[in-house]
Amino acid sequence: MVELTISGKNVGVALTGSYCTFDKVFPQIERLIEEKANVYTIFSERTQITDTRFGLAKDFLKKAEEITDNKPITSIAEAEKIAPNNMLDILAIAPCTGNTLAKLANAITDSSVLMAAKALLRNNKPVVIGISTNDALSNNLKNIGYLANSKNIYFVPFRQDNYKDKPNSMVADFDLLVPALEEALEGRQLQPVLLSPK
């Protein structure tokens, strides 16, 4: 059996506004670099300007560039170049908010992240979604179902993160991001998709 590897692949990691999960995503970006992937980050317009209790926007942008040695993609115009230049082999949207998830399901392209996703899908390449949304099991459940049944869309396995206080909330297990990317490059969904609550 051939061992899957991300080594040498051009990987996009697009971050949207679930700031509380950035501390889980950045170690995975570092892991991709350790695995010898070429990593390009894409920041949504909101993540570029919003400072929260989880950190300053400028610090996240700086950290991404320091880790990857590539300047983050920060505009629709920059992200549009991904498709014609065949720049990426695969894209992870991690974290992917419910807002971005809903727009992706409905073909809305009004951010750098959504343009990057459109670019990969246009080139018949995989997009891996690492959800982090409080309405996963309510208003966004239909969008998860739609995307799960869409060509070239895959998910990082996810679970309810606080089923007592936030029963509709689900978050990806970002420790599974790299395996999910490797499986998606082979046209497979990493299983199981639904994980038990911790």
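A residue is taken as buried when its relative accessible area is under 20%, as exposed when that area is over 50%, and as partly exposed in between. This criterion is applied below to a predicted model, in which backbone geometry departs from the general pattern at several positions. Most residues other than glycine have a negative phi, and most peptide bonds are trans.

Two residues that are not glycine carry a positive phi in this model, and both are asparagines. For Asn86, phi is near 50 degrees, and the residue is placed in the loop between α3, which spans residues 76-80, and β3. Because its relative accessibility is 47%, a value that falls between the two cut-offs, Asn86 counts as partly exposed. For Asn152, phi is positive at about 70 degrees, and the residue is likewise found in a loop, here the one between α6 (141-148) and β5 (153-155). With a relative accessible area of 15%, which is under 20%, Asn152 is therefore classed as buried.

Peptide bonds in the cis form are found at two prolines. The bond that leads from Ala94 to Pro95 is cis, its omega being near 0 degrees, and Pro95 itself belongs to strand β3, which comprises residues 90-96. Strand β3 also bounds the loop that holds Asn86. The bond that joins Gln191 and Pro192 is cis as well, with an omega of about -10 degrees; Pro192, however, is located in the segment after α7, a helix that covers residues 177-185.

Definitions and conventions:
Residues numbered from 1 in each chain as written. Predicted model: local features only at pLDDT ≥ 70, side-chain atom pairs only at ≥ 80, totals over all residues. Heavy atoms only, no water. Helix = DSSP H or I, 4+ residues; strand = E, 2+ residues; numbered from the N terminus. Buried < 20%, exposed > 50% of the residue type's maximum accessible area, 1.4 Å probe, protein only.
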